[in-house]
Amino acid sequence: MSVLSVEHISKSYRTVRALRDVTFDVPRGSVFGILGPNGSGKTTLLGIVTGVLNPDAGSFSLFGETSTPANLLRKRTGTLLETPNFYHYLSAYDNLVITSGIKGRGRGEIDGILLKVGLHERRDSKFSTFSLGMKQRLGIAAALLGDPELLILDEPTNGLDPEGIAEIRNLIKELGAAGHTIVMASHLLDEVEKVCTHVAILKKGKLLAAGKTDEIMSEGDIVEVSAADTDRLLELLRQSYPGQKITRDGDTVRLCFTGGGTDTAAVNELCHEGGVVLTKLLLRRQSLESMFLELVSTPSNDR
């Protein structure tokens, strides 16, 4: 069952098309990454599904409802769309007391949530004394008030140092394992690959790919080959595989296959029959990062 379904959503700001007919489903219990560079439409999309913005076209449903009442939406979702904004002179605990009051919740769950995000020992410390990673964890703590079914996080590791990124990464994985459905926007490829079970890739508002992360990762193979005569090797491969992407990096030629099922023996035989003796033949699965870079670097036909 899908917690969130996005159907043909489009959004423009005057001459800028922020989203273009975007459609995907977020399965219950998944950690769903919306991946794309700056300007790809990630924040606009999250703004729409949280009710901050209205789409120009298309619709979405939350928990199977196309028109979710605002009070029900607040109870069943937790959001962190910007850098956490708390009172700097108040403690972590007191800031969450204020947030819980706004959400109509009691104080009874605050200590448990602070434990969950690893801030209980600093519950009485002022927000101004927190590192960026701790501030972000407190923001996630505020989103967790009321034990929401769905967490929506916009760039949760943005601006953090490697230690802070690791802290938030582990927290998101723990929350996902605990049963929360999480939708997180990110431009960090490595982050999505390590944390997310599902991913949607956006480029200039267009959906390029969506599905399980491991399935998207396995959609392509890369064969790396080398030979004494690199120019002849490159010419032979381009003649034999006109529909595949072939690149050269020094003495290494990379042949990218979409769809998997690559037969390295066939590549070896082809080169042998063409009079090219290979000094290197390596098959490696295409990573999400290389696939993402390949997708977003492909020129778009849209204007």
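So, how many bridges join strand E1 to strand E2? Eight, between residues 2-13 and residues 16-27, and the two strands run antiparallel. Before I go on, some housekeeping. This is a predicted model, where local features need pLDDT of at least 70 and side-chain atom pairs count only at pLDDT 80 or more, while totals for chains, interfaces and linings use all residues. Residues are numbered from 1 along each chain as its sequence is written, and side-chain values use heavy atoms, with hydrogens and water left out.

On terms: helices (H or I, at least four residues) and strands (E, at least two) are DSSP runs, numbered from the N terminus. Two strands pair if DSSP finds at least two bridges between them.

Back to that hairpin. Ser-2 has Pro-27 of E2 as its bridge partner. Two residues sit between the strands, and Arg-14 takes a positive phi near 55°.

The hairpin belongs to an open sheet of three strands, in the order E2-E1-E4, with antiparallel pairing. E2 and E4 (57-62) are at the edges with a single partner strand each, so one side of each has no neighbour in the sheet. The twist averages 15° from one strand to the next; angles here run from 0 to 180 degrees between N-to-C directions, with axes fitted to C-alpha atoms, for helices over the stretch in contact. H1 packs on this sheet and touches E1, E2 and E4 (contact means heavy atoms within 4.5 Å). The direction of H1 makes about 120° with that of E1.

Now the other sheet. This one is open too, with six strands in the order E5-E6-E7-E3-E8-E9 and mixed pairing. Its edge strands are E5 (77-80) and E9 (206-212), each pairing on one side only. Neighbouring strands are turned by 10° against each other on average, direction ignored.

Inside it, E6 (residues 150-154) and E7 (residues 181-186) run parallel, joined by five bridges. Leu-151 has Ile-182 in E7 as its bridge partner. H5 (residues 132-144) packs on the sheet, touching E5 and E6, at about 155° to the direction of E5. And H1 (residues 42-49) turns up again here: it lies across E3 (31-35), E6, E7 and E8 (198-203), at about 145° to E6.

What about the interior? A nonpolar core means buried Ala, Val, Leu, Ile, Met, Phe, Trp, Tyr and Cys residues joined through side-chain atoms within 4.5 Å, with buried meaning under 20% relative accessible area, using a 1.4 Å probe and protein chains only. The largest one has 41 residues, and Leu-96, Leu-114, Leu-138, Ile-140 and Ile-172 have the most contacts inside it. H5 gives the largest share, seven residues. Leaving aside residues up to four places away in sequence, Leu-114 touches several residues, including Leu-96, His-120, Arg-123 and Leu-138. There's also a second, separate core of 23 residues, with Phe-24, Phe-32, Ile-48 and Phe-60 among them.

Last stop, the helix pair. H3 (residues 92-102) and H5 pack at about 35°, with axes 10 Å apart. Ala-92, Leu-96 and Thr-99 in H3 meet Leu-138, Ala-141 and Ala-142 in H5.

Conventions
Buried < 20%, exposed > 50% of the residue type's maximum accessible area, 1.4 Å probe, protein only.
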